[in-house]
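Please look at the sequence and the model below before reading on. The paragraphs that follow are meant as a guided walk through the structure.

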Amino acid sequence: MNDPESNPDTGSSNRQVWRLAWPTIISNLLFTTVGFMHIKIVAGLGTSAVAAVSTGHRVFFLVQAILMGVSVAATALISRAWGARNVSAAEGVAWTSLTLGVIVAATVSVPIVIFSAEVAGLFGLDPGTTRQAGAFIFWMAMFNVFSAVSMVLSTALRATGDVITPLWFLLASSLFNVLIGYSLAYGIGPLPALGVSGVALGGSIAASLVTVVFAVTWWRGWYQLRPPTELRIQRDTARQLAIIGLPSVVEQGVVQLAFLVFFALVAKYGTAPFAAYGIGMSLVSFPIVVGFGFGIATATLVGQQLGAGRPEQAIAAGWRSLRMALLAMAFISVFLLWNAEVLARFMIKDEEVVQLTVQFIYIIALCQPMMAVEFTLASALRGAGDTRYPLLITFLGIVLGRLLPALLFYKLGLSVGWIFGVMALDYGIKAVLLIRRFRAGQWVHINPAVSRA
């Protein structure tokens, strides 16, 4: 086991950024691969099944996005406490974050479980696709509490610099998720063939069992961040989590709701464009999660450096992470551009869906440099506790750069390719504003207090 004395995450060199980033990148790639495989599994059941799973994932991501607010706040507070070598404070934040995460997940999931069919109906899909999507959403929502436990525990360990433990558990979770999901989808052996529902049910059961093991081993003190000696919600910590996390909850809620609106707008063009959008997002998620991995590394390093009283190193960590994210995401994007049609045909045989998917990949791949800015520099601000400005930037990009132009193009009767194209304007607005905010440097003076007990 490590302690803060023997785990000095004090520099901001490329090596230290990479040491924190690569396990998180692999973890996020595994998470993305699960979504990718869910679509691949049901592709044999037809375009309607693909659209249903894409819809279900979008609703699931909305719940996850709300939980991300808790995770962002936990990262800021735990990394600060760990950088200041205040282990007891870090443990208290972790426990309070875990409790709040479970409460949030349960609160959000209950109405989704009850009204899963109605939620699926919001997308305006045909009755058969809506029915399948509703079943997928129901089973995913039933296990959201387990997802919350896994997310918060992983976040807490990463904030201390332990990025390997969450990786192993996600590897096991991903493997069993796909295997059991496939088995229940097609009825392997004695199992029933449940189709789209089987993917959600089987995958969720598998992931939840792995989460139970994760929680038990943490509870028994196997890792460098242990449960606190006094199991209580610290009011001061909860207040700080709310202050820091609420803007991120709102931000992620805005993002995911905007994506749902955007998703519904694409659905108005028919099932084929809708399926292409879902497949395209699953494919380009790979470079996206690479950037997200660098973002988590950036937030952790920035928080630890500020906690240790080294603002110059925090700034340097942000710029280094951005440069590395740009290189990594550009490399993967070139691969996607070069193999766009091959990948699209691997996912589905419908010719119309294939061509629309290729078009989508081309557009989103060109947005990768701007997305790298968003992932790294926005994470740097959040790691410092500056969560309000990223919220404002996200709102401006989503509304002015994506939704309003997309609605205008739809009203003008333009093709779905124009709808896909507005994403470049969204990411461009956010990139420009984030660079200006980061360069200004006021964010290094934010000092979120952490309970000392």
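**A walk through the helices**

In this predicted model, helix 2 (residues 47–83) packs with helix 3 (residues 87–114) at an angle of about 170°, and their axes are 9 Å apart. Helix 2 is therefore roughly antiparallel to helix 3, because angles over 145 degrees count as roughly antiparallel. Which residues meet where these helices pack? From helix 2 come Val59, Val63, Ile66, Leu67, Val70, Ala74, Leu77, Ile78, Ala81 and Trp82. On the side of helix 3, the residues that they meet include Val87, Ala89, Ala90, Val93, Ala94 and Ser97. Further residues of helix 3 in this contact are, among others, Gly101, Val104, Ala105, Val108, Ser109 and Ile112.

The next stop is the surface. A nonpolar patch is formed there by Trp18, Trp22, Ile26, Ile164, Trp168 and Leu171, which together have about 590 Å² of accessible area. Two or more residues of this patch are given by helix 1 (14–43), and two or more by helix 7 (164–186). Ile26 is one of the patch residues, and its place is in helix 1. Ile26 has a relative accessible area of 34%, so Ile26 is partly exposed.

Charged residues offer another way to read the model. Side chains of opposite charge can pair when their charged atoms come close. How many salt bridges does the structure hold? The structure holds six.

One of the salt bridges joins Glu341 to Arg345, with the closest N and O atoms 2.8 Å apart. Both Glu341 and Arg345 belong to helix 12 (residues 340–347), where they lie four residues apart, or about one turn of the helix. Glu341 counts as partly exposed because its relative accessibility is 38%. Arg345 has a relative accessible area of 30%, and so Arg345 is also partly exposed. Arg345 forms a salt bridge with Glu351 as well, and here the closest N and O atoms are 2.9 Å apart. Glu351 has 40% relative accessibility and therefore counts as partly exposed.

A further salt bridge pairs Arg437 with Asp386, the closest N and O atoms being 3.0 Å apart. This pair links distant parts of the chain, since Arg437 and Asp386 are 51 residues apart. Arg437 lies in helix 16 (residues 416–440), whereas Asp386 lies in the loop between helix 14 (368–383) and helix 15 (388–411). Is each partner buried or partly exposed? Arg437 is partly exposed, because its relative accessible area is 22%. Asp386 is buried, because its relative accessible area is 4%. The step of reasoning here is that buried means under 20% relative accessible area.

There is also a network of salt bridges, in which Glu374, Arg402, Asp426 and Lys430 are linked. Two members of this network, Arg402 and Asp426, return in the contacts described next.

The last part of the walk concerns three buried residues, beginning with Phe262, then Tyr277 and Ile398. Phe262 is found in helix 9 (residues 235–267). Its relative accessible area is 0%, and so Phe262 is buried. What does Phe262 touch, apart from residues up to four places away in sequence? Phe262 touches Tyr277, Arg402, Leu403, Ala406, Ile419, Val422 and Met423. Phe262 and Arg402 are 140 residues apart in sequence, yet their C-alpha atoms are 8.2 Å apart in space.

Tyr277 has its place in helix 10 (residues 271–307). With a relative accessible area of 1%, Tyr277 is buried. Leaving aside neighbours within four places in sequence, Tyr277 is in contact with Phe262, Phe263, Val266, Phe360, Arg402 and Phe420. Tyr277 and Ala267 are 10 residues apart in sequence, and the distance between their C-alpha atoms is 9.2 Å.

Ile398 lies in helix 15. Its relative accessible area is 1%, and therefore Ile398 is buried. Not counting residues up to four places away in sequence, Ile398 touches Ala258, Phe259, Leu403 and Asp426. Leu403 is thus touched by Ile398 and also by Phe262. The C-alpha atoms of Ile398 and Phe262 are separated by 10.0 Å, although these residues are 136 residues apart along the chain.

Note on methods. Residues numbered from 1 in each chain as written. Predicted model: local features only at pLDDT ≥ 70, side-chain atom pairs only at ≥ 80, totals over all residues. Heavy atoms only, no water. Patch = residues over 30% accessible without salt bridge, like charges linked within 9 Å, V, L, I, M, F, W, Y side chains within 5 Å. Areas by Shrake-Rupley, 256 points an atom, 1.4 Å probe, with all protein chains shown as cover. Salt bridge = Lys/Arg side-chain N within 4 Å of Asp/Glu carboxyl O. Buried < 20%, exposed > 50% of the residue type's maximum accessible area, 1.4 Å probe, protein only. Axes fitted to C-alpha atoms, helices over the stretch in contact; angles between N-to-C directions. Parallel < 35°, antiparallel > 145°, perpendicular 65-115°, else oblique. Contact = heavy atoms within 4.5 Å.
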